[in-house]
Amino acid sequence: MKSKIFILILLVSLAAASCANRSKNASDQSSEAKTTDTKNTEQMDSTLAFNPADLPEEPIFEIHTTEGTITVLLYADTPLHRDNFIKLASQHYYDSVLFHRVIYNFMIQTGDPNTKDPSKEDEYGNGGPDYTIPAEIIPAHTHKKGAVAAARLGDTANPRRESSGSQFYIVQSEEGCSHLNGAYTVFGETLDGFDVIDRIASIRTNAMDRPLKDVRIISITPVL
């Protein structure tokens, strides 16, 4: 009888030890997973140009171009467009894109990732992320000089007037763009660099309104 009791106690002890080891292994694996997740998050964050969480409700950005710097403020009351611009700028999305459509006494347009690749010249003006942004058309935001607005497809193909996921334009002439008021989302305005807008708008273009010399965005950085 004593022998049987001893064997039973031994088996229980071994089972408990096995459970403890499994629990420890699971805990170790969980810790390793958390460490890996943290490292991955840190690695992802390190690729961003800046931390969007650091920005105020109405952030100011410098758009550094090959023709100079344009300083813009983004509106708080167009949050979908503001946040999308912030996200793309932080991801370096706009780095090296061309101003692919330029019309004097009208506006200068950019934001198409296709323009980073000369082999895609026939597709300039058609690129962007695979989404659109719901319209945030506010009557108080007009197409004044320096207004920053989202490009979009025309009303026939786009009756809800949803904006391009990345393409935007900057108004060079208020008079030339006044007919766009109430039809396109204006989500920001220029604070400085009006001379740069004029300089870009003055560059000679071809029949497709593409500048004959490349004008690029070098980077977009927040003013903190």
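## Overall make-up

Helices (H or I, at least four residues) and strands (E, at least two) are taken here as DSSP runs, numbered from the N terminus. On that footing, the chain holds four helices and ten strands. Walking along the sequence, you meet them in the pattern α-β-β-α-β-β-β-β-β-β-α-β-α-β.

Two notes on how to read what follows. This is a predicted model, in which local features need pLDDT of at least 70 and side-chain atom pairs count only at pLDDT 80 or more, while totals for chains, interfaces and linings use all residues. Residues are numbered from 1 along each chain as its sequence is written, and side-chain values use heavy atoms, with hydrogens and water left out.

Of the 224 residues in the chain, 39% are buried; buried means under 20% relative accessible area, exposed over 50% and partly exposed in between (1.4 Å probe, protein chains only). A contact means heavy atoms within 4.5 Å. Among the contacts in the chain with a separation of 6 or more, 70% come from residues 24 or more positions apart.

## The eight-stranded sheet

Let's turn to the sheet, where two strands count as paired if DSSP finds at least two bridges between them. Eight strands form an open sheet in the order β3-β4-β8-β6-β9-β2-β1-β10, with antiparallel pairing. The edges are β3 (99–103) and β10 (217–222); each has a single partner strand, so one side of each is left without a neighbour in the sheet. On average, neighbouring strands of this sheet are turned by 25 degrees against each other, direction ignored. For such angles, axes are lines fitted to C-alpha atoms, for helices over the stretch in contact, and angles run from 0 to 180 degrees between N-to-C directions.

Strand β2 (residues 68–74) runs antiparallel to β9 (residues 186–192), and four bridges join the two. In this pairing, Leu 73 has Glu 189 of β9 as its bridge partner. Helix α4 (residues 194–201) packs on the sheet, where it touches β1 (60–65), β2, β3, β4 (107–110), β8 (168–171) and β9, and its direction makes about 120 degrees with that of β2.

## Strand β8 and its neighbours

Strand β8 pairs with β4 in the antiparallel sense over four bridges, and Thr 110 has Phe 168 as its bridge partner in β8. Strand β6 (residues 147–150) also pairs with β8 in the antiparallel sense, over three bridges. Here Ala 149 stands opposite Tyr 169 of β8.

In a regular strand the side chains alternate between the two faces of the sheet. In β8, Phe 168 and Ile 170 point one way and Tyr 169 and Val 171 the other way, and all are buried.

## Two cavities

A cavity here is a set of points, on a 1 Å grid over the protein atoms alone, where a 1.4 Å probe fits but cannot get out; lining residues have an atom within 4 Å of a point. Grid points are joined across faces, edges and corners, and a volume is the space filled by probe spheres set on the points. By this rule there are two cavities of 30 Å³ or more.

The largest cavity encloses about 70 Å³. Its lining includes Phe 85, Tyr 94, Phe 168 and Phe 187, and helix α2 (residues 79–90) gives the largest share, three residues. By class, this lining has six nonpolar, six polar and no charged residues. The classes take Ala, Val, Leu, Ile, Met, Phe, Trp, Tyr, Cys and Pro as nonpolar, Asp, Glu, Lys and Arg as charged, and the others, Gly among them, as polar.

The second largest cavity holds about 30 Å³. Ile 137, Ile 138, Pro 139, His 141, Gly 182, Tyr 184 and Val 186 line this cavity, giving five nonpolar, two polar and no charged residues.

## Ile 220 in the edge strand

Ile 220 is found in strand β10 and counts as buried at 2% relative accessibility. Leaving aside residues up to four places away in sequence, Ile 220 touches Phe 50, Phe 61, Glu 62, Ile 63, Phe 85, Ala 89, Tyr 94 and Asp 95. Ile 220 and Phe 85 are 135 residues apart in sequence, yet 9.9 Å apart in space, C-alpha to C-alpha.

## Two loop residues with positive phi

Ser 96 lies in the loop between α2 and β3. Although Ser 96 is not a glycine, its phi is positive, at about 80 degrees, and the residue is partly exposed with a relative accessible area of 36%.

Asn 105 sits in the loop between β3 and β4. Phi of Asn 105 is near 65 degrees, again a positive value in a residue other than glycine, and Asn 105 is partly exposed with a relative accessible area of 44%.

Definitions and conventions. 1 Å grid on protein atoms, 1.4 Å probe; cavity = no way out; pocket = protein on both sides within 12 Å on 5 of 7 lines; lining within 4 Å.
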